[in-house]
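Biologist: Let us go through this structure question by question. Keep the answers short.

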Amino acid sequence: MPRYILVHSTASTNSYLSKMAMMLPSGTVIHTLNQTEGRGQRGNSWESEPGKNVLFSMLLKSPIVPVAKQFVISEAVAVAVVTALSGYVEGLKIKWPNDIYYKDKKLCGILIEHSIMGNGINYSILGVGINVNQELFVSDAPNPVSLAQIIGQDLNVDEVLHRVCEEIERRCSFDSYTNEDFAKLHREFLSLLYRNDGAFYPYTKADEKCFNAKIVDVEPLGLLVLEDEGGSVERYAFKEVQFVLKK
């Protein structure tokens, strides 16, 4: 079972946990009521009203995952979050690389940071922010949504926290995985992937060029494989391509 440590206020649960990671056991969860400088992918910020949402980082020590296949950890965490939250709302999807979406709105952000030692991962910090009871979003984030907004009632934040953390711990028990288990996880991740339905959707490249493409795969290092309408297949790292979202 996860071991929970409540920090009433902190700049970032990922940063807080990283300073203590070597001294704490795997499965430790740092959670907070107020995160003042929440971080998302590649420097993006995360807005959260104090006491309204689930904000935590979980420590995963010495996962049996080679560096070249590290994205499997991201897959496991994202699938776990969808599985846990599906007890409250149906139709959740994983927007590559690992945001959790309800329709075209962002419900949850995930930030995973690894400490690499040689060819292996020494430990991973699994940062998760879930909009639970927040009703008003005042930042310039384009499309946030909360569970309360979706289902029309507030939820017990601690209950959501425990349900999600227990599912993440279960999914990240990689020492018991077989090759088929890893393959099954990847198939489940792809089946939950936002806009992975064989249709062509608009994207923009880093140079702001817009094009239509469909998702083909996500590779072990997390590269998104897209096929455009002309049949050309390309691979993209984070921030090299963006989804064009409905407003």
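Biologist: In the hairpin that E11 and E12 form, which glycine in the turn has a positive phi?

Modeller: This is a predicted model. Five residues lie between E11 and E12 in the hairpin. In that turn, the residue with a positive phi of about 95 degrees is glycine 222.

Biologist: How many bridges join E11 to strand E12, and what is the bridge partner of alanine 213 in E12?

Modeller: E11 and E12 (residues 224-228) run antiparallel. Five bridges join them. In E12, alanine 213 has as its bridge partner aspartate 228.

Biologist: What is the bridge partner of tyrosine 201 in E11?

Modeller: Strand E10 (residues 201-205) and strand E11 (residues 210-218) run antiparallel, joined by four bridges. Their hairpin has four residues between the strands, and glutamate 208 takes a positive phi near 70 degrees there. Tyrosine 201 is paired in E11 with alanine 213.

Biologist: Which helix gives the largest share of the largest nonpolar core?

Modeller: In soluble globular proteins, nonpolar side chains tend to be buried together. The largest nonpolar core here has 62 residues, and Phe56, Ile73, Val77, Val81, Leu85 and Ile168 have the most contacts inside it. Its largest share is twelve residues, from helix H2 (residues 71-85).

Biologist: Leaving aside neighbours within four places in sequence, which residues is valine 81 in contact with?

Modeller: Valine 81 is among the residues with the most contacts inside the largest core. With its neighbours within four places in sequence set aside, its contacts are Ile100, Cys108, Ile110, Val128, Val164 and Ile168.

Biologist: Why does cysteine 108 form no bond with the closest cysteine sulfur, and how far away is that sulfur?

Modeller: A disulfide is a covalent bond between the sulfur atoms of two cysteines. A search of the whole structure finds zero disulfides. Cysteine 108 is buried, at a relative accessible area of 0%. The closest cysteine sulfur, in cysteine 165, is too far for a bond because the distance is 11 Å.

Biologist: Which element gives the most to the lining of the second largest pocket?

Modeller: The second largest pocket has a volume of about 330 Å³. Its lining has 14 residues, and nearest its centre lie Lys69, Val72, Phe182, Ala183 and Pro220. H2 and helix H5 (179-191) are the elements that give two or more residues to this lining. The most, four residues, comes from H5.

Conventions. Residues numbered from 1 in each chain as written. Predicted model: local features only at pLDDT ≥ 70, side-chain atom pairs only at ≥ 80, totals over all residues. Heavy atoms only, no water. Core = buried A, V, L, I, M, F, W, Y, C linked by side-chain atoms within 4.5 Å. Buried < 20%, exposed > 50% of the residue type's maximum accessible area, 1.4 Å probe, protein only. Contact = heavy atoms within 4.5 Å. Disulfide = S-S within 2.5 Å. Pairing = 2+ DSSP bridges. 1 Å grid on protein atoms, 1.4 Å probe; cavity = no way out; pocket = protein on both sides within 12 Å on 5 of 7 lines; lining within 4 Å. Points joined across faces, edges and corners; volume = space filled by probe spheres on them.
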